[in-house]
Amino acid sequence: GKEGSERPHAMPLGVFSSDGGYGGWMYHGLVVRHNSSRNDTAGVASPTAIVSRDNASVLLYFASEILPPGSGQRGLGVAQASHPLGPFERKALVASPPSKGDGVLDDPQVVFYAGRYHLFHSRKQSWEREECRNHCVEWRTSEDGLTWERRGALVSPADPPMDESLSVHIEGDRLVLITDGTDFINVAFVADANALRQDNASLLAFSPASPEPVIDKYTEFPEGHYGAGIALMGANRDRIGISLILGGALGNKNMTFGVYRFQR
């Protein structure tokens, strides 16, 4: 919920749990609020989570915005807890808010593969980077989920193009990335997962999924929600973060949340 009209982006992050994931969700309260540092005085949002590689903690990633709201200065944060209900400890920023004109970082999505974590996120409203005009998706890697290295911007197919990152997961030897695009249409892109073993984003060769990359045609959502942001979870995955945005074509972003399995 919002904490004040002067902070329209100040939405703390809460947590729900469910035994099966299909229903019976129980709300457990807020686990991460914006803090008093300059980095997220305007709030936190767009969460995604993953269980650590040693199955000992939960890593929660989110966007954090500088005051004044809407200034276009938003970075990426992370918090860690030994249990999904917290308490969560804020860690060093994944990525500091860029300077004005260098884009807005948002929509983090994370997956673990080949011995390290991979985080994909949006850079929006960027006008100063040749590799990222207006919108792009960037890739970062980490050995521990806390200290990250930027690997660059993904090369988007021309038609349909990538836009804001919605989810990422591994299916066999394929890396599947879902982004929204023109008019909030959700599009799936695939690449060889083995390309995650190197460090150059331009070598992640994505192509639109076949035979139909536009996911909205499969969802059977009510017409008013056509274009709502969606994400996929691998059916046999133990650790995978996903996020879902409701509202879509209604022009009404009701909520953003992440879902992940947690095993002890």
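**Exercise 1.** In this predicted model, is Y27 buried, partly exposed or exposed?

*Solution.* Y27 has a relative accessibility of 45%. Buried requires under 20% and exposed requires over 50%. Y27 therefore counts as partly exposed.

**Exercise 2.** Classify the ring pair of F16 and Y27 as stacked, tilted or edge-to-face, and locate both residues.

*Solution.* Step one: the ring centres are 4.8 Å apart, and pairing requires centres within 6.5 Å. Step two: the planes meet at 45°. Stacked needs under 30 degrees and edge-to-face over 60, so the F16 and Y27 pair is tilted. Step three: F16 lies in strand β1 (residues 13-17) and Y27 in strand β2 (residues 26-32), 11 residues apart. F16 is partly exposed, at 48% relative accessible area.

**Exercise 3.** Do the same for F120 and W139, and state whether each is buried or exposed.

*Solution.* The centre-to-centre value is 6.4 Å, and the planes differ by 10°, which makes the pair stacked. F120 belongs to strand β8 (residues 116-129), W139 to strand β9 (residues 132-142), and 19 residues separate them. F120 has a relative accessible area of 0% and is buried; W139, also at 0%, is buried. A search of the whole structure finds four aromatic pairs, these two among them.

**Exercise 4.** Which residues of the largest nonpolar core touch the most other members?

*Solution.* The core has 20 residues; F120, L154, L175, L177, L196, L204 and F206 touch the most other members. Elements giving two or more residues include β7 (102-113), β9 and β12 (174-180). β13 gives the most, with three residues.

Key. Residues numbered from 1 in each chain as written. Predicted model: local features only at pLDDT ≥ 70, side-chain atom pairs only at ≥ 80, totals over all residues. Heavy atoms only, no water. Phe/Tyr/Trp six-rings, centres within 6.5 Å; stacked < 30°, edge-to-face > 60°. Helix = DSSP H or I, 4+ residues; strand = E, 2+ residues; numbered from the N terminus. Buried < 20%, exposed > 50% of the residue type's maximum accessible area, 1.4 Å probe, protein only. Core = buried A, V, L, I, M, F, W, Y, C linked by side-chain atoms within 4.5 Å.
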